[in-house]
Amino acid sequence: MGQRLSGGRSCLDVPGRLLPQPPPSPPPVRRKLALLFAMLCIWLYMFLYSCAGSCAAAPGLLLLGSGSRAAHAPPALAPGPDGTAPRLPFQAAPATPQAAGKEPAEGAASQEEQSPETPDSPSSISSFFSGSGSKQLPQAIIIGVKKGGTRALLEFLRVHPDVRAVGAEPHFFDRSYDKGLAWYRDLMPRTLEGQITMEKTPSYFVTREAPARISAMSKDTKLIVVVRDPVTRAISDYTQTLSKRPDIPTFESLTFKNRTTGLIDTSWSAIQIGIYAKHLEHWLRHFPISQMLFVSGERLISDPAGELGRVQDFLGLKRIITDKHFYFNKTKGFPCLKKAEGSSKPHCLGKTKGRTHPEIDREVVRRLREFYRPFNLKFYQMTGQDFGWD
């Protein structure tokens, strides 16, 4: 204790050599920045976790998530016994040159079903978050009808937090059944406990094999059919085809087998789809009417919240989608969403929806209404609903 260092100073007087000194505390600004960064990381993780499901439907992510499906497709299930493409029994092959022109026109229309504006699901982001749920076979399917309002209904339903739906039409039960249920399940978005998985493919309603195939998947599947005045629907169907193939024959010439006798050509798909009663007979052999909901395409435009209320009740969902979610777009002539799924901006359906219909001869329209009237009345009796088309 008495020893001295050079210069007459004690060893206890030398700072920082013999006794350890505590490290200097970080400046307050650095501590605040570190805390802010940690909070930002937590917020970013929670945001990505919560939006993983909705991101699955984003068109920009389609290329990331869809490339590996075909390469990893599971072994296919056995196809149907006939192995042929579905065809309704009352659809006759076109025999006249005019009828022959209908086939490519219908093919052109079917290509629009896979429009690039239709989002796909799921993406690689949703697959990355293994904790964001699991892929399930759909518990509810919108099975029809083409040009009835199925896309609008699906987009409206996707606003509901308990509904998860694949964006693109899978066409599993009519075109890809041989690929198997595992392939079909892989197309579905991930869902959490309490959420419903859905898909929509309007051509199922007129596919002869679809009822048995869906029943084989699950007898409890809920089926939704959006129907519309069959005359207006046929004109809308023709308008869609005309936009793709301006050189097709006129609506009037395609409608009749013989214009003089007034015989309607039921082999033309635009006419055939609207014979709802005949198609429904096939479905009722496999599903009770209580498992089917028939949505009015007209009321879906005039009162979207009312029709969505019926759909939510049918699916066992809480009525969350109400009037506050819609506004009427006068330019397009139908309702739009104030806020679409995963967005804070208003959303209307694409430019392919709400096309202006061509002028159709009034006598042709009158003749079509006479043709559909008995089928409509039978459809009203089968469903217990009067849609007011007559």
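Leaving aside its neighbours within four places in sequence, which residues is G148 in contact with? Figure 2 gives the answer, after a look at the whole chain.

**Figure 1. Overview of the predicted model.** Let us start with the protein chain as a whole, whose secondary structure comes to 15 helices and 11 strands. Of its 390 residues, 47% count as buried. Among contacts with a separation of 6 or more, 75% are made by residues 24 or more positions apart. The accessible surface of the chain is about 20400 Å², and carbon and sulfur atoms hold 58% of that area.

**Figure 2. Close-up of G148 in the loop between β2 (140–144) and α6.** Here is the reply to the opening question: once neighbours within four places in sequence are set aside, G148 is in contact with V226, R228 and G297. G148 has a relative accessible area of 5%, and because the cut-off for buried is under 20%, G148 counts as buried. Both G148 and its contact partner R228 are covered by the UniProt annotation "binding site", which comes from an unreviewed entry.

**Figure 3. Close-up of K147, listed by UniProt under "active site" (unreviewed entry).** K147 lies in the loop between β2 and α6. Is this lysine buried or exposed? With a relative accessible area of 16%, K147 is buried. The UniProt "binding site" annotation, again from an unreviewed entry, also covers K147.

**Figure 4. Close-up of T150 in helix α6.** T150 is buried, and its relative accessible area is 5%. Apart from neighbours within four places in sequence, T150 is in contact with I142, G144, V145, K200, P202 and V226. V226 may look familiar, as it also appears among the contacts of G148. T150 belongs to the residues that UniProt's unreviewed entry annotates as "binding site"; others on that list include G149, R151, S236 and K353.

**Figure 5. Close-up of the packing of helix α6 (residues 150–157) with helix α14 (residues 304–314).** Two packed helices are described by the angle between their axes and the distance between the axes. For α6 and α14, the angle is about 75° and the axes are 11 Å apart. The two helices are therefore roughly perpendicular to each other. Which residues meet here? From α6 come L153, F156 and L157, and from α14 come P304, L308 and V311. By class, this contact has six nonpolar residues, with no polar and no charged ones.

How values were computed
Residues numbered from 1 in each chain as written. Predicted model: local features only at pLDDT ≥ 70, side-chain atom pairs only at ≥ 80, totals over all residues. Heavy atoms only, no water. Helix = DSSP H or I, 4+ residues; strand = E, 2+ residues; numbered from the N terminus. Buried < 20%, exposed > 50% of the residue type's maximum accessible area, 1.4 Å probe, protein only. Contact = heavy atoms within 4.5 Å. Areas by Shrake-Rupley, 256 points an atom, 1.4 Å probe, with all protein chains shown as cover. Axes fitted to C-alpha atoms, helices over the stretch in contact; angles between N-to-C directions. Parallel < 35°, antiparallel > 145°, perpendicular 65-115°, else oblique. Nonpolar A, V, L, I, M, F, W, Y, C, P; charged D, E, K, R; others polar. UniProt positions renumbered as here; feature names shortened; annotations may be inferred.
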